[in-house]
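Here's a protein to look at together. Have a scroll through the sequence, give the model a spin, and then let's go through one of its sheets.

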Amino acid sequence: MAISLGGADFSGIYVGNTEVSEVYSGSNLVWSSSASFVGAVTDSDETSVDNLSFDISGLVSTGDLCVLSITSDKRLDTPNVTVDGMTSTVTSLYPFNGSSPGQALYYWFSDASDPTTITLTSTSNDGGGLTGVCSIYRRVATFENSSQDYAVSGMPSPPSLVAGSATQLIVLVGCLDDDAVPVTAPSGYTMSGQISINPPSGAISTTMVAHKLTTANVTENPAAFSGAGNDQWVAYTLRFS
């Protein structure tokens, strides 16, 4: 977004982590800002969550929202997994000990001293057949609410989510066990990132993330992700403002 003042453009102007647009019309100045999707980094590993690595150095700026979604074919004890070296507060949503699939879901608002290559460390049951997406969004500052659902067949179907106090961004996450398939986002959403692993060992999973930039603070009712997968899954809907 650029700033225009009397016909001149100035890009990259921020107040905190909010990029602003200034339009000059006579004696009036109008300011506006909106959330945006920056990009995503993916990784996979056959044997351990400790081997996953997400280099976000070319994407992340201070204050950006980072959402890290991980799927594991093998047992992953999320309460015993930490995101390494973080200064910012990392929130783990729905921590879970198990498989079929194992999953981990984190978010944080980036601090200038955070590492720009994201790694994790587990102290037990570190998974296998792992896939992960670290997606980054700008000009959002608050986690509002979230919901979770799961089933034993079909494609991940993120659940409905009641309105929060405000809305700038909806993020959908799907964790699919035992299938490596291309994925498309539900209607009205845009894919942030996806990745599958299908090694000879048969430790297979797919992680998928989609988003919608919206200020409509209403109940969200997303459809399922589209794809040829048909196995156990977990899905999430997250709201930020």
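Which residue in β21 is the bridge partner of L169? The partner is F240. Keep in mind that this is a predicted model.

Let's zoom out for a moment. The protein has 21 strands and 0 helices. Of its 241 residues, 49% are buried. Its accessible surface comes to about 9800 Å², with 49% of that belonging to carbon and sulfur atoms.

Back to the sheet. It's an open one with 5 strands, in the order β17-β21-β18-β20-β19, and the pairing is antiparallel. At the edges sit β17 (143–151) and β19 (190–197), each pairing on one side only. From one strand to the next, the twist averages 10 degrees. As for what holds such things together, strands of a sheet pair through backbone hydrogen bonds.

Here are three of the pairings, each with one bridge to look for:

| Strand pair | Bridges | Example |
|---|---|---|
| β17 and β21 | 8 bridges | N145 with R239 |
| β18 and β21 | 8 bridges | L169 with F240 |
| β18 and β20 | 9 bridges | V173 with V209 |

Now take a closer look at β21 (residues 233–240). Why is this strand largely enclosed by the rest of the structure? Because 8 of its 8 residues are buried. W233, A235, T237 and R239 point one way from β21, while V234, Y236, L238 and F240 point the other way. That fits a general pattern: in a regular strand, side chains alternate between the two faces of the sheet.

How values were computed:
Residues are numbered from 1 along each chain as its sequence is written. This is a predicted model: local features need pLDDT of at least 70, side-chain atom pairs count only at pLDDT 80 or more; totals for chains, interfaces and linings use all residues. Side-chain values use heavy atoms; hydrogens and water are left out. Two strands pair if DSSP finds at least two bridges between them. Helices (H or I, at least four residues) and strands (E, at least two) are DSSP runs, numbered from the N terminus. Axes are lines fitted to C-alpha atoms, for helices over the stretch in contact, and angles run from 0 to 180 degrees between N-to-C directions. Buried means under 20% relative accessible area, exposed over 50%, partly exposed in between (1.4 Å probe, protein chains only). Accessible areas come from the Shrake-Rupley method with a 1.4 Å probe; for residues, only the protein chains shown count as cover.
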